[in-house]
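Student: Please give me a close look at the enclosed and open spaces of this model. I should like to know what lines them and how the surrounding elements are arranged.

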Amino acid sequence: MTADDHLPGPVAVLVNPTAGRGRHRALLPRLLDGLAAAGRPVRLLPASSPAEAEAACRAAVAEGAGALVAVGGDGTVHRALQAVAGTDVPFGPIPAGTGNDFALDTGFPADPLAAAAVIAEAVRDGRSQPVDLARMVAVDGAERWYGAVLAAGFDAIVNERANRMRWPRGPRRYDLAILVELARLRPRRYTLRLDGVSHDLDAVLVAVGNCPTYGGGMRICPDADPTDGLLDVVVAGRVNRRTLVRVKPRIYQGTHVSHPLVRSFRARTVELAAEGITSYADGERSLELPVTISAVPGALRLLR
C-alpha cells in the first residue's frame, strides 16, 4: 500500500449507461457525489462507443488524471484497463454491469454505492494495492491487457457467433448461438506452451485466468489468484455435447475441474495457438490466436 503521486489530479470517471441493461443509471448522481467525497475534482469522460471509451481513458491518463474509475461491467473495466495497465495511475471499478467478475474477484463490494465509498476513501487516503494483470501479444505485435479471464474455446466461439447474428435481440440471441454451436461441437487441436513446455491437445474449452470467474460468476479457473504472479489454464478435452451440457453448470461452483476430461495448469507465460479462434478477454472480443499471454505482477494499482 503506497501513497500515489498522481492523486492530486482529477478523478476521471468512465460510465457505461447501458451496463446491466441500464438498471443503475439513476444511481449515477449519487455515485459521483460519493466519489467527490474524496475531496478531488471528478471529471466524467465522454464516450458513446467502446472505442471512444478506451480512447477517452487513454487521454485522461495522458493528461494527468489522478485516478481512473469505471462504472459498468467487465466490458467497461476492460476498456479502462488498457489505459492504466502498467502505469502508477490507480484504478477503481464500480460494479454496475451484467457481469462484474473483475470487481468482485478483487474484493470490491457488489453494491455500487458501497464500492464508490471504498474507492473514495482510498483516494482520500492516497492508498492503493497492487494486483496482477494479464498481457496478451499477437503475432503482429498487437497488445491487449485483461483482468479476469481469456476464453479461447467453446465460449469464445459462441460469443463470436452471437456477435455476427442480427436476430433475435437481447439474451435470446446468445441462447440461440449456444444451441447452434452445440450442434457443431467438435474438439479442436490446440498447442499450449507453458513457460516453454509444449502440450498438444484436443479440446472444446480453453480458459486462461488471472482471476477465477467470468460470465457473471462462473468459476472457470477456481484457483486463480490475481496476486500470485501466475495464470491458471483450464482445458476441457475431448468432451461431447452431452458431457459439456452436464458439466457446464458445475462451473458456477468451480467443481468442473475434478472431471476426468478437465485439466488444469499454472504458468507465468502461456503461448496459445489454434486455427480459426478469436479470443474473448473480460467478455470482450480480443485477439485472434495465436497469442502469448503473460502474468504481469503488480501491473494495476487498485483503489481499496
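Tutor: Strand 11 (231-236) and helix 8 (241-247) each contribute at least two residues to the lining of the largest cavity. The model is predicted, and in it there is one cavity of 30 Å³ or more. The largest cavity encloses about 100 Å³ of space. Its lining consists of Leu205, Ile220, Val234, Ala236, Val239, Leu244, Val247, Lys248, Ile251, His256, His259 and Val262. Sorted by class, these are nine nonpolar, two polar and one charged residues.

Strand 11 also belongs to a sheet. This is an open sheet of six strands in the order 12-11-10-7-14-15, with antiparallel pairing. Strand 12 (262-267) and strand 15 (284-288) each have a single partner and stand at the edges, so one side of each has no neighbour in the sheet. From one strand to the next, the twist averages 25°. In general, the strands of a sheet are paired through backbone hydrogen bonds, in either a parallel or an antiparallel manner. Within this sheet, strand 7 (residues 149-151) and strand 14 (residues 278-281) are joined by two bridges in the antiparallel sense. Leu150 has Ala281 of strand 14 as its bridge partner.

The loop between strand 6 (143-146) and strand 7 holds Ala148. This residue has a relative accessible area of 2%, which places it below the 20% limit, and therefore it is buried. Beyond residues up to four places away in sequence, Ala148 touches Phe102, Val208, Gly209, Asn210, Cys211, Thr213 and Asp282. Relative to the cavity lining, which includes Ile251, Ala148 is 103 residues away from Ile251 in sequence and 15 Å away in space, C-alpha to C-alpha.

Helix 6 (residues 154-164) lies across strand 7, strand 10 (205-209), strand 14 and strand 15, at about 95° to strand 14. Because nine of its 11 residues are buried, helix 6 is largely enclosed by the rest of the structure. The buried residues are Phe154, Asp155, Ala156, Ile157, Val158, Asn159, Glu160, Arg161 and Ala162. Among them, Arg161 has a relative accessibility of 19%; the limit for a buried residue is 20%, so Arg161 counts as buried. With neighbours within four places in sequence set aside, Arg161 of helix 6 is in contact with Ala177, Val180, Glu181 and Arg184.

Helix 6 leads on to the open spaces, as it gives the most to the lining of the largest pocket, namely six residues. That pocket has a volume of about 1800 Å³. Its lining comprises 50 residues, and those nearest its centre are Thr98, Gly99, Asn159, Gly283 and Glu284. Two or more lining residues come from each of strand 1 (11-15), helix 2 (50-62), helix 3 (74-84), strand 7, helix 6, helix 7 (171-183) and strand 15. By class, the lining of the largest pocket has 21 nonpolar, 18 polar and 11 charged residues.

The second largest pocket holds about 170 Å³ of space. Thirteen residues line it, and Val15, Asn16, Pro17, Arg25 and Leu28 are the closest to its centre. Helix 1 (28-36) and strand 3 (67-72) each supply at least two residues of this lining. The lining of the second largest pocket divides into nine nonpolar, three polar and one charged residues.

A further set of strand pairings completes the account. Strand 8 (residues 188-194) is joined to strand 9 (residues 197-203) by seven bridges, and the two run antiparallel. They form a hairpin with two residues between them, and Asp195 in the turn has a positive phi of about 50°. Beside the turn, Leu194 stands opposite Val197 of strand 9. Strand 8 also pairs with strand 13 (residues 269-273), in the antiparallel sense and over four bridges; there, Thr191 has Ala273 as its bridge partner. The covered face of strand 8 carries Arg188, Tyr190, Leu192 and Leu194, whereas Arg189, Thr191 and Arg193 lie on the uncovered face.

Notes: Residues numbered from 1 in each chain as written. Predicted model: local features only at pLDDT ≥ 70, side-chain atom pairs only at ≥ 80, totals over all residues. Heavy atoms only, no water. Pairing = 2+ DSSP bridges. Axes fitted to C-alpha atoms, helices over the stretch in contact; angles between N-to-C directions. Contact = heavy atoms within 4.5 Å. Buried < 20%, exposed > 50% of the residue type's maximum accessible area, 1.4 Å probe, protein only. 1 Å grid on protein atoms, 1.4 Å probe; cavity = no way out; pocket = protein on both sides within 12 Å on 5 of 7 lines; lining within 4 Å. Points joined across faces, edges and corners; volume = space filled by probe spheres on them. Nonpolar A, V, L, I, M, F, W, Y, C, P; charged D, E, K, R; others polar.
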